[in-house]
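The following exercises are to be worked with the sequence and the coordinates at hand. Each task is followed by a solution in steps.

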Amino acid sequence: MGVGIVVFPGSNCDRDVNHVLNDVIGLNTRYVWHTQKSIDEYDALILPGGFSYGDRLRAGIIAAQSPIVEAIKKKADEGLPILGICNGFQILVEAGLLPGALVRNDKLKFSCEWLKMEVLNVDTPFTNLFKLNDQIRIPIAHGEGRYIISDDKLKELYKNNQIVCKYKDLNPNGSIDMIAAVCNEERNVMGIMPHPERASEPILSPEHTKSNARLIFHSLKNFLSSYTKY
Amino acid sequence: MLTKQEEFYLLKKLGRKPNSLEIDMIDAEWSEHCSYKSSKKFVRSLPSRSKRVIVGPGYDAGVLDIGDNDVITVHIESHNHPSAVEPYGGAATGVGGVIRDIISMGTRPIALLNALRFSSLNAEDNTSKSKWLFKNVVKGIADYGNCIGIPTVGGDIEFDESFRDYCLVDVAAIGLGKRDEIISNHAEEDDLIVLAGNGTGKDGIRGASFASKLLDDEDRSAVQIPDPFLEKLLIEATIEATNSKCINAIKDLGGGGLSCCLSELSHLVEKGFEIELSKIHTKVDDLSPNEIMISESQERMVYIINRNRLSRFQEIFNKYSITHSIIGKVHGQDNLKIHFQGKLIANIPSSLMVNAPLCNRKSMKPDYLKVLKQRMNVDKIIDYNSVLLRLLANPNIGNKRWVYQQYDHEVGLRTVIKPGANASVIKINDNKFISIKLDGNSKHCYLDPYYGTLGCLSEACRNVVCTGARPVGIIDHLQFGSPENPQIYWTFLKSIKAIINFCKYMKIPVVGGKVSFYNETMNSPIKPSPVIGTIGLIKDRYHITNNVPINGDSVFILGQSSEEMAGTEYCSLIGHTEYGNVPKVDLETDRKNNLAILDLIQNGLIDFVHDCSKGGIGTALAELAISGNVGIEIDLQKIPNSCSRHDFLLFSETHSRFIIGTRNTNSVKKLLRRKGCIFSEIGKVDTIEILNFHYSGEDIINLSVKDLNRSYNTMNQLMD
């Protein structure tokens, strides 16, 4: 029971997500090593950030071929909440669980900075505690985070309300329409480029004030507790 | 290459003629890079004891007790020669090397810092390699550190013409562990010796020797190739194996490859080794035994393990798909015996290998110091506004966002004070934090190596104090030209003397360090470039200063400003570089002022504190106005000083000074008076976004924060 944190060789935010879920949010977790075949016992899965397989070929593509991803796809079909953060988002896109693609930032360099994003869909397991158009102060850290998608598919995203968050004021990587987070049509799978786990403790924000980014995890907790009730 | 005397010494000690493999092994280990033969006797005299120091300076990382069974490990390394030839790979492998020193203690790396030196970024000069070196060094560090998931939390960058066609790349790393879990580095007879990680290849052959001579040819095969993904796996596997009590001793492979690793490890555990080279996994088939022994292929570690723990060890390394070979066993007391396909091909006592005959170098005061001017002869300046803007635009002073945004400085959830501030603060737990800063000033160290070095120490400590931390350890990286040049060697000795005097007086131990000589190109030697790191400890989260000026704050200065203009950024701006009075640290004042600041912070009396260093009071206040996006108004008449002119007062780089902002003026005054400090209330913070310095009603500087900010970001604009 609890949230499974899927660890690939080269994942490097697994321990951070684990700390926040356990010590800040109050959710049980277990690490799921990429060779593990059975993932039946988890209430939700998080694919944390990092450099799985050293970002060789391109970010996320090798991890997307691992056996566990087949099991994750099955779980996604069954409606299990699955969140990919940064490299986790890249893996979900490469695995075909989320639409679009993530390519090199428009300035062709890695960027680590705090910025703002805006919530556009509050009807997902990860955003249900936000109000529409809430702003979140949150850091990014990626070199391949520019979200692209064909015009037709972009229209579909809007139609289905699959754009969960957009960057606000400043586009850090050249993403189309400033997109920072998307979900699948069913809303149970979400990918997000910024790192909510890095903004979940007041002392780590630049102003040392409480950021609402942790509501992404609280939303998951909220979703899971109401789900159990039914 | 061994000298005639070294060859003779070797012959005498060994009692026979060494064969070619033995000569290659000795040549690597006796290189300046590995043996410290020109510096060892002086480095030994650095004060390195305190009740916190568990392991002092040595081969790998120093270990510092920070209470409650927590220890931090600290190490600093440079990768100057390789980076000057191949900046991306050189800098990246520099990061990899220092990280492996941290995991060699069984501790998890939690932060990286770097100090970089390049020649000026002159956009018009298309013969300068500076921009290319700068861009690729930063990218090399970023790609490596980001991939392994260790945050790069801070650094120090300096641009100076003495680094033309060259660069210095120093990387420091911090690790965190438990006191009772650090690797004790011991070995028993018949323990197994395992080499894990990268295959041994032809990269980095003779790297240590390459780094121990002048950079006259660009020997690319001496530069190593980085693989951060493999390093990340090595980190995780080593920590897992350490926690599973599989490991008796660890050593990383750095300069000098297997030769240096095995001899130093054998000497450390006081046991002999029997090694079979044909067991080693290699990248190519045609490696000779000599090449295997001195290859510097990266991402390799040697482990000594008890036979009973082998299966568990292999289970862990197989989980991470890390190739590993059992390359030999512990046997006997001292000798390193190397076999190839069953045949003994080298047999040398490790005590002989690791104790290179020390050099007695000549030292002589450099000629250039004898002709320095003692009197300033500078035209009066009219437009102070433009001087301040030009200083802010100087990349030695300006914002370094272009650099630190390329580093993931957040991963690990520890970075409380982020890059770009006085010093970086890293969270250990909810009520324990460490603060760290690297500082250097080659202009000051060139004009006066003793007071220049003292200034670097003072500045690094002051930056750490500004975050609310008490300094508990110093690391030093001493970088000079050839020690065979008596005039350069003299500057090295002065620098060492400054560290000894400072650390003794302040009672702060040196916990790690490194000496790097032969930093010269065919053009010239570099300026003496010691880099000093200070590690501080904060025991209460409320003692961390946020350092943002708030409207209504009264502004104070702590410390006396003297006319100490030599080597200042202002003097280089106006082309006055042969003048000789650098800022001189008064140790007692320095200590008193640091303690006063800590007292103010711990009593919650101040909103911000900022040190005055490069660019003096002028740039310190500009930086504050920019950081808070507020106006600051200062009365120059109120600043305690002995300067004969406004420009000297504004831009002198006198040490031991702080700018403070407070809403508790009376309490601050009372505390500073009681401490016997020289201080004065000099101005106010307000909402009109203008920085104003005035003297008897006349505006000396009057600039909008927007204009300041634009100049301050000049380098970011240039590099983007």
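**Exercise 1. The fold of chain B**

Of the 720 residues in chain B, 59% are buried, where buried means that 20 or more other C-beta atoms, placed from the backbone, lie within 10 Å of the residue's own, exposed means 12 or fewer, and partly exposed means in between. The model is predicted: local features require pLDDT of at least 70 and side-chain atom pairs pLDDT 80 or more, whereas totals for chains, interfaces and linings use all residues. Residues are numbered from 1 along each chain as its sequence is written, and chains are lettered from A and ligands numbered from 1 in the order in which they are written.

Task: state how the radius of gyration of chain B agrees with that of a compact globule.

Solution.
- Step 1. Chain B contains 26 helices and 26 strands, these being DSSP runs numbered from the N terminus (helices H or I, at least four residues; strands E, at least two).
- Step 2. For 720 residues a compact globule would have a radius of gyration near 27 Å, and chain B has 26 Å, which agrees. The radius is taken over C-alpha atoms, and the globule rule is 2.2 Å times the number of residues to the power 0.38.
- Step 3. Along the principal axes, the C-alpha atoms of chain B fill a box of roughly 90 × 55 × 45 Å.
- Step 4. Of the contacts in chain B with a separation of 6 or more, 83% are between residues 24 or more positions apart; a contact requires C-beta atoms, placed from the backbone, within 7 Å.

**Exercise 2. The nonpolar core**

Task: identify which residues touch the most other members of the largest nonpolar core, and where this core lies.

Solution.
- Step 1. A nonpolar core is a set of buried Ala, Val, Leu, Ile, Met, Phe, Trp, Tyr and Cys residues joined through C-beta atoms within 7 Å.
- Step 2. The largest such core has 285 residues, and those touching the most other members are Leu64(B), Cys167(B), Leu457(B), Leu621(B) and Ala625(B). Because domain 1 (183-356) and domain 2 (367-398 + 545-720) of chain B both give residues to this core, it lies between them.
- Step 3. The domain bounds come from an automatic or database domain assignment. The C-alpha centres of domain 1 and domain 2 of chain B are 51 Å apart.
- Step 4. Beyond its neighbours within four places in sequence, Leu457(B) contacts Ile474(B), Ala498(B), Ile499(B), Phe502(B) and Ile532(B).

**Exercise 3. Helix 19 of chain B**

Task: determine whether Thr491(B) is buried or exposed, and describe what covers the buried residues of helix 19 of chain B.

Solution.
- Step 1. Thr491(B) belongs to helix 19 (residues 486-506) of chain B. The 21 residues of this helix should span 30 Å at 1.5 Å a residue, and its end C-alpha atoms are 30 Å apart, which agrees; the expected span is 1.5 Å times one less than the number of residues.
- Step 2. Thr491(B) is buried, because 28 other C-beta atoms lie within 10 Å.
- Step 3. Not counting residues up to four places away in sequence, Thr491(B) touches Pro366(B), Pro449(B), Phe480(B) and Pro528(B).
- Step 4. Other buried residues of helix 19 of chain B include Ile488(B), Phe492(B), Ser495(B), Ile499(B) and Phe502(B). In an α-helix there are 3.6 residues a turn, so residues three or four places apart point the same way.
- Step 5. The cover of the buried residues of helix 19 includes helix 4 (40-43), helix 17 (442-447), helix 18 (449-466), strand 17 (470-479), strand 18 (510-516) and helix 21 (587-602) of chain B.
- Step 6. Lys507(B), with a positive phi near 55°, follows helix 19 of chain B.

**Exercise 4. Chain A and its contact with chain B**

Task: state how many residues of chain A are in contact with chain B, and contrast the burial of Asp169(A) with that of Arg187(A).

Solution.
- Step 1. Chain A contributes 24 residues in contact with 24 residues of chain B. Strand 6 of chain A gives the largest share of the chain A side, 3 residues.
- Step 2. Asp169(A) lies in the loop between strand 9 (163-168) and strand 10 (179-183) of chain A. Asp169(A) is exposed, because 10 other C-beta atoms lie within 10 Å.
- Step 3. Arg187(A) lies in the loop between strand 10 and strand 11 (189-192) of chain A. Arg187(A) is buried, with 20 other C-beta atoms within 10 Å.
- Step 4. Neither is a glycine, yet phi is positive, about 70° for Asp169(A) and about 75° for Arg187(A).

Key. Two residues are in contact if their C-beta atoms, placed from the backbone, lie within 7 Å.
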